[in-house]
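Student: I should like to learn how to read the features of a structure that is new to me. May we begin with it in view?

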Amino acid sequence: MQDYSSLGLRVGIEIHQQLDTRHKLFCYCPTIQRDAEESNFEFFRYLRSKRSEMGEVDRAAKEEVARSKKFIYKAYDTTCLVEADEEPPREVNREALQITILIAKMLNMEVVDEVHMMRKIVIDGSNTTGFQRTALVAFDGHIDCNGKRIGIATLCLEEEACRKIEDRGDEVVYSLDRLGIPLAEIGTMPDITSPKEAKDVAAKLGMILRSTGRVKRGLGTIRQDVNISIRDGARVEIKGVQTLDILDKIVEYEVLRQLSLLKIKDELKKRGASVVNKVFDVTDVFANTKSKVIKRAECVKAIMLKGFAGLVGKEIQPGRRLGTEFADIAKTFGLGGIFHTDELPAYGVSKEEVEALRARVGAGNRDAVIVAAGKATRVENTLIRIVERAEYCLAGVPEETRKANEDGTTSYLRPLPGAARMYPETDVPAVKITPEMLKVEIPELIEERARRYTKTYSLSHDLAYVMADSAFYHLFEEFAEKIPATTVARVLHTAPAELRRDGINTDVLEEEQFRMVLELIEEGRIAKEGADEALKILCENPRATKDEIVDRIGSASDLDSFIAKLVEEKKDFIAEKGANAFKPLMGLVMKEFRGKVDGKVVAEKLNRAIKSMLQA
Ligand SMILES: [Zn+2]
């Protein structure tokens, strides 16, 4: 267990939450997700390095241009020319602004007098304009988490980026459906001092956001970025954490990575290590290679790291080495990866080739050689960047933007953007905040609602929280007055969860369907035990009427008694024929129930009845 306070750990979280508005932030398109297959039009762009109005070229932007990628965008009948950047943006969506003000109040923040849109340079192609529009709405707030006050520095209203569909290395495919969905961005102060606290603060902020009832739910609708630093380390921004479960692990692993890099720095200094600032062409060394990757490459180049032997292969996060950091860079430049001498000979590269390689670049046994193969300019740009990264090993931890992997480790994404990233958006008029707009009603927090449910309906703590956090909590409250609360919770939560476990798609169940089942129980037309079956029927056919449901559940119970009676009557026949009794009996049941009950259901039930008869 690390002593995080002695390491000087500081963590800040940035939460991006999609708002549940009728239309997008700068146009009137709906905020719905589309299937990329439904795209009716596509176009492409290349990124040019655009100077900001301050006249500097951002270092992150410069690197992206060096990667020279083609960006393809998929459009739909639910997107317009604003998303395609063929028409200027409309005025700021007032509904989105109002929700953001509500969030500001819930985070005890100061709202600005006037909202001004800014342009933040975006360099990965995820926005057709090359920038993201963002506006500061509130500042200087706080929340209390486990008795500790955590500062909330800023709250911005911004536009969501495109959804990435495919990364083909030198081409990236984006979907326009997500571009322009309003997003609230909450940035905490770096007041968080342990991995667990990071997770708790993010959970609390998520709970507050959902308490508004005005935010989108489900995977991908909320994302966390985490800023992490330790003393003597550097500020590293980790992007795109989609689930809370790994947030503590991400912090833990980043601390581990920074400590490992600091150890490597000390060792390199002790060895008097250095990086030779030169890219060698070594294509001919591999003229007869058995390595498939190298063989099909247009050219092979190498760089020499003096005194690095053994350290390139050193683990810095579980399953990730210093060499993996170099390979990450190669990947962002569209190459498959790199080879390094700490792991060679291997992958079809022979001992003789390694010796020839070392001789060519003048490397001894204490040095490391990094090899990249592919298109000439891509390989050259990649290795120039890796030289820079390797040089930084002698200084310590580089400031950079990284992306979260599913296991809690992270991969290099790009340099941390410089301060030249923001400039004013002149196409969108500023919005003055009036006293009227600040009059918002603060909703009950989900955690307070859960406490109320435990008391009023004597539900368990967990079930009360699930109901309070449900998008259908108002249905719960309405029906818990009329039928037992546990039955309502079964319909809204437990039964759908079980259906999902059985592989049934319950996404079609909306308020209308839940209400129908709850009313059927309230009206006494189906028993509470029939709830699961009723929901299952609605999953298959969301438009089923109440009468149809009652009919089908009725026939299902008739079917059960018919099968029970039949199997009892044909006991001897079953004993004699065994499993072969199924076919003739199936014929008898279907004669009675054809058109009323699904044949598959009949077969299942009959099979089960015959089996239990045989086992008896
Ligand atoms: Zn639009």
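Tutor: The following dialogue treats the domains, the nonpolar cores and one helix of this predicted model.

Student: Which domains does the domain assignment give for the chain?

Tutor: The assignment gives domain 1 (10–265), domain 2 (274–393) and domain 3 (446–615). Between the C-alpha centres of domain 2 and domain 3 there are 61 Å.

Student: Which residues of the largest nonpolar core touch the most other members?

Tutor: That core has 54 residues, and those touching the most other members are Val-137, Leu-155, Ala-198, Val-226 and Ile-250. Ala-198 may serve as an example: with neighbours within four places in sequence left aside, its contacts are Val-11, Ile-13, Ile-192, Val-226, Leu-247, Asp-248 and Val-251. There is also a second, separate core of 49 residues, with Val-279, Ala-309, Val-361 and Cys-393 among them.

Student: Why do the ends of helix α14 agree with the expected span?

Tutor: The reasoning takes 1.5 Å times one less than the number of residues. Helix α14 (residues 511–522) has 12 residues and should therefore span 16 Å, and its end C-alpha atoms are indeed 16 Å apart.

Student: Which residues of α14 are buried, and which are exposed on the face turned away from them?

Tutor: Gln-513, Phe-514, Val-517, Leu-518, Leu-520 and Ile-521 are buried in α14. Viewed down the helix axis, these buried residues fall within an arc of 155°, so they line one face of α14. The face turned away from that buried side carries the exposed Glu-511 and Glu-512.

Student: What follows α14?

Tutor: Gly-524 follows α14, and its phi is positive, near 75°.

Key:
Residues are numbered from 1 along each chain as its sequence is written. This is a predicted model: local features need pLDDT of at least 70, side-chain atom pairs count only at pLDDT 80 or more; totals for chains, interfaces and linings use all residues. Helices (H or I, at least four residues) and strands (E, at least two) are DSSP runs, numbered from the N terminus. A residue is buried if 20 or more other C-beta atoms lie within 10 Å of its own, exposed if 12 or fewer, and partly exposed in between; C-beta atoms are placed from the backbone. The arc is that of the directions from the helix axis to the C-beta atoms. Domain bounds come from an automatic or database domain assignment. A nonpolar core is a set of buried Ala, Val, Leu, Ile, Met, Phe, Trp, Tyr and Cys residues joined through C-beta atoms within 7 Å. Two residues are in contact if their C-beta atoms, placed from the backbone, lie within 7 Å.
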